[in-house]
Amino acid sequence: MEEEIDRVVQAITIASDPSQTALHQQAMTYLSSIERNASETWRLALPLFVETAPGGTRKYSDQARFFALRVLDELLDNRFEPLDPGTFQIIQQTILSYIQSEYLYGSAEANATYIRNKFSHTLTLFFLCTYTDQWQSFFADLFTLIRPTTGSSVSTFNRHVSLLFFHLIVEISGEVADQMIKAARMHTSERLARDGRVRDAVRERDAVRINEAVLTIVAEAAEQMSALRGQGLKSPTDRQLAEVEEVVDWGMRTFASYVGWIDIGLTVTPTTVPLLFSLLADPLLPIRLATSGALLKIVTKGLKEPGDKLQLIKVLSLSQVIEALEARTHSEQLERGEDTDEGEESYRESLGRLLNALGLELTKLEECPVAEVQTEASILLRQILPITLRFMADEYDDTCSTVFLLLHTILSAYKRSRKVSGGPIDAEKREFLTTLLQVILEKMKWDVDADPSDVDDDDNDEFERLRKELRIFMDSILSIDQDLVTDAVRQLAFSTIESYKNHVEMKWNEAELGIYLVYIFGEINKTGGKGRAAFCLVPAVPRDMPRDTRRTIDYREYPLTTHGELLFALVQSGISAYPHQSVALQFFETVSRYTDFFKVRKECIVSTLEAMIDTRGIHHQNPTFRRRTFYLFYRFIKDSKSDIPLELVPSILQSIRDLLAIEVVIPEPEEVEVDFMTDAVKSSSFDAQLYLFETLGILISLLFKNPPQQNGLLLSFVKPLMDELSGALQGSTSLDFKKLADGESRSEVVPIVQLHHLIMALGSIAKGFPDYPSPPLPDDFIMPPVDVFAEIAQAILVCLENTNIIKVVRDATRFAFARILAIAGPHVTHYIPPLMGNLLIHFDPSELVDFMNFIGLLIFKLQDDMFDVLDELVNPLTTHISTTLSQPISGSDEQRMHVEIKKAYTTLLTSIMSAKLQGVFISPRNNASFNSLMETMQVLAEDTSDPPNQKATFNLLSRCVSVWAQPNFVPPTSNGNSNHNTLNDVGIPGFERYVYERLLPIAFGIPSLPNLNLKDGQVTTVLHEIANFLQTVLKIRGSEAESYLLNAYFPSQNWPQDAAMDMTTKMRELDPKGFRKYFTDFVRSTRTGS
């Protein structure tokens, strides 16, 4: 065996030295085999761990001994049958001898604490395997070592063995009773049963002695601790004191570990309670924390009888103790001032958790059906409410949050009580809610030293989350007593605003809170109206009152609501000029949120705009602040545009001109997240700047009644941008676009990014204009500056023609054209074919989907005006899509994109048919490719792998039958549009033969396909759509279709005559819903029968 042990030690040495590459893997493999075969190799591991050298020290290295314990763990862990007697006796005697030599007479592994901890775990596993049946005297044997018979003049217990005992109990409790540990592991039914047997055996045999031993050791150590502290001596007493304090600390941790799963009568006695309370106030922090944890376990221990739990709470009298300790720690907190003691704050947190647990137990007892228990619990709960509020008011958020759950529970009970009674709450509860609300409002303030603009500060995120939590509390109180909350918020907000207006000195966080309360008042004030009625007490306006009459109402004649008064006072106070950016930002957040207020007090618009435009707002020196205010300025203008005096528009436009200079910021290579080009065009500064460009468009659009002025102003802004666009295009002529598209030539990317930004800016200006109306145009419609936007479209198209290989340019172009087409309508649709021609050359599949969806929206909006565009578009688009769909699919992403393309394509074709523009398919330009189009439809109709698109295809085919298969086609009446093409009004001679010979076989053939999954709900919808298609054919062609089915198709497919007759009869006579059900049931029956 000696040689084998030496071989293991040698392998451990090699395995711990990665430099020995030749033998390292071999050593690791060997050691793994030793662990796997622990049922045999434990005989090597045991001496490897315990053997001593001639001098009395351990023979082998700490690394080797640690490995030995791992082998023993492998033997013992997850073992549920007893060890054989020989194995058990050897291990038991070896362990006892080791404890005696190392812990009773030795240093308890003083030089390798990790060995000591590992041994505690191994001994715990041995205990779990043997305690119930083999080593029933486990604790008795251990107790003889804790109090050796030889005694000691210094102590009646052995410190090392006592600490080992404590560690063991903590480990055992964790293994058999700690729900958190058990939840984190895979536990089999065997293990759960074993753990239950161990718990029962400990309770029956040794719980009394374990508890007695723990408390006796703690009590004696506490006495020694007091004596040593009283001496006031220095070393060696300091070392002795630290050793005794460690015993007390671990003793309380041990007590806490088992108090939850043994008899409460053992742990809560006239002796233990005073000991616990004395240690709860001990000068040493770890002892206090451990004791607090023990008391928490006692309070939350489950007891069967509510009366027993009430008696336990009364015996402990925790409320008085916590109240005294809270007062003392709060006083110490005030004495420390700005100096934070994290340890002492953690102690206050533990007291808060203890109070929270006590309160929650009392709230449970309030639900007890026993009236006496319920009454006493309510009295005790009321007693702790003031202490709860003091914890809630703690300046440290972690301490404050310890009582959140208790407060939520109390408020929920108040809400239920209020709902049941229907009347107001009693005075005592209202007083509590009033104080709680004051605490909440105080806690809602930022710390005066905080910097809310620092987005990287985790403390700011924590505070924002705290504010949300406090809002939940406020909402709870609101549901109990709305007036209480609205009055408190109104008073504090008014007080803050008036104080600032009267030049009373105030801190920035106080000013910010006052504005924030105005910001949330709309959510708090549940009785307020909507729109203008939320801010003004205006009489109800009759629904039939004309819109022009409504616009003439002078809301200045009507008094403001409370919220309106708050906003009016806020704007008039000038608080936006407070010299702290967080105050100004909260002001802008508030006014941009409640723009309906400015419809009833239009005189406030100018001063608000001044604040937004000057250095308080969009011209602020802080870039991060500016980015947010760009958006808020845009939002305010967008929502208030109809109320902005038109004479102010030119000056507003002039004031933002200096902010429109576009800067290109190229990221460092290490900052790239997606690819260099994509990341290069992503800029938070530019994204925010786009809001300014859109605001520019909104403001210019307001001048529609003065076209010359509108055109002039628009050109004054877009002409410089188009000049820059031309310059950027010239600067890009020497670039290798292929390398740029592939992510190379990063240093040359600036002109491309500039092109992207300029195109996006021009598109955003267009976005600010209202959409072109659908035909027919209103009589009083004033044409927007379509010539200017046509010029912009032409310039962007030129850029695209030269840079269409670059995806970011294509993306920007699609965005800009979408907006230009939306506002200029048919005046720029002639740009769509060349646009598509340039885009299709390098289209990504996702771009293709977006483009088809975009065309679908234009069809819906422009109707007949899109005919010529679609006439040029349909053939190349169909060809491109057919080519794309024919490509082999190599992965799930490509599969998903194919599905998206098919969906967008069928949706586009359906949009064309719905808009009655089907003539584009049979125009001279596209007539030759009509058969190819229908073949593509056939392929999609037969594709059972994609039921949603299959359903959409049959819906499209039904529309084709309705339009092109009419026996006596009657053109629809003219819609009055001069662009209407007569090709939309003609049928297709002979199309019915195509329906009979090609489409009907597909419709009837799909139900017999072997890969059709009838259990899939989407397949059912496909069958429903096929049923609709069949009825459409019969409805359009009448008896001819019925005759074809009965005399030609069904016989060719060997249908029984009765089945064929039944199918055609049902197809003719049933309503659509009835036939869908019939057809689906028919398919299911034929599939089942086969």
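## Two loop residues with positive phi

A residue is called buried when its relative accessible area is under 20% and exposed when that area is over 50%, with partly exposed in between. In this predicted model, Glu109 has 6% relative accessibility and therefore counts as buried. Glu109 sits in the loop between helix 5 and helix 6 (113–130). Although Glu109 is not a glycine, its phi is positive, at about 55 degrees.

Asn78 is another residue other than glycine with a positive phi, in this case near 60 degrees. The loop that holds Asn78 runs between helix 4 and helix 5 (85–104). With a relative accessible area of 47%, Asn78 is partly exposed, because the exposed class begins only over 50%.

## Overall form of the chain

The chain contains 50 helices and zero strands. Its radius of gyration is 41 Å, whereas a compact globule of 1090 residues would have a value near 31 Å. Along the principal axes, the C-alpha trace spans about 115 × 90 × 70 Å.

Of the 1090 residues in the chain, 49% are buried. Among contacts with a separation of 6 or more, 74% are between residues 24 or more positions apart.

## Distant points in two loops

Pro54 belongs to the loop between helix 3 (38–50) and helix 4 (62–76). Its relative accessibility is 92%, so Pro54 counts as exposed. From the C-alpha atom of Pro54 to that of Met866 the separation is 101 Å, and the two residues are 812 residues apart along the chain.

Lys507 is located in the loop between helix 24 and helix 25. Leaving aside residues up to four places away in sequence, Lys507 touches Val448 and Tyr578. The C-alpha atoms of Lys507 and Asp133 are separated by 71 Å, with their positions 374 residues apart along the chain.

## Helix 23 and its surroundings

Helix 23 covers residues 458–480, which is 23 residues. From first to last C-alpha it reaches 34 Å, close to the 33 Å expected at 1.5 Å a residue. At the start of this helix, a side-chain oxygen of Asp457 comes to within 2.9 Å of the backbone nitrogen of Asp459.

The buried residues of helix 23 include Phe463, Leu466, Leu470, Phe473, Met474, Ile477, Leu478 and Ile480. Asn460, Arg467, Arg471 and Ser476 are also among them. What do the buried residues of helix 23 pack against? Their partners are helix 19 (371–392), helix 20 (397–400), helix 21 (404–421), helix 22 (427–443), helix 24 (482–501) and helix 25 (508–524).

## Salt bridges

The count of salt bridges comes to 63. One of them joins Arg229 and Asp282, with the closest N and O atoms 2.9 Å apart. Arg229 lies in helix 11 (residues 207–231) and Asp282 in the loop between helix 14 (272–280) and helix 15 (285–300), so this pair ties together parts that are 53 residues apart in sequence. Arg229 is partly exposed at 27% relative accessibility, while Asp282 is buried at 6% relative accessible area. The side chains of Asp614 and Arg616 also form a salt bridge, at 2.7 Å from N to O. Both partners are partly exposed: Asp614 has a relative accessible area of 27%, and Arg616 has 24%.

In a further salt bridge, the closest N and O atoms of Lys767 and Glu694 are 3.8 Å apart. Lys767 is in helix 37 (residues 750–767) and Glu694 in helix 34 (residues 684–701), so the pair ties together parts that are 73 residues apart in sequence. Lys767 is partly exposed, at 35% relative accessible area, whereas Glu694 is buried, at 7%. Elsewhere, Lys807, Arg810, Asp811, Arg814, Glu847 and Asp850 are joined into one network by salt bridges that share partners.

## A buried glutamate without a salt bridge

Glu992 is part of helix 46 (residues 991–1005). Glu992 is buried but has no salt bridge. Which side chain of opposite charge is nearest to Glu992? That side chain is Arg1037, 4.1 Å away. A salt bridge needs a side-chain nitrogen of Lys or Arg within 4 Å of a carboxyl oxygen of Asp or Glu, and the 4.1 Å between Glu992 and Arg1037 therefore does not qualify. Not counting residues up to four places away in sequence, Glu992 touches Arg1037 and Glu1040.

Key: Residues numbered from 1 in each chain as written. Predicted model: local features only at pLDDT ≥ 70, side-chain atom pairs only at ≥ 80, totals over all residues. Heavy atoms only, no water. Helix = DSSP H or I, 4+ residues; strand = E, 2+ residues; numbered from the N terminus. Expected span 1.5 Å × (residues − 1). Buried < 20%, exposed > 50% of the residue type's maximum accessible area, 1.4 Å probe, protein only. Contact = heavy atoms within 4.5 Å. Polar contact = N/O pair within 3.5 Å; in protein donor to acceptor, adjacent residues only side chain to side chain. Lys, Arg positive; Asp, Glu negative; His and termini not counted. Rg over C-alpha atoms; globule rule 2.2 N^0.38 Å.
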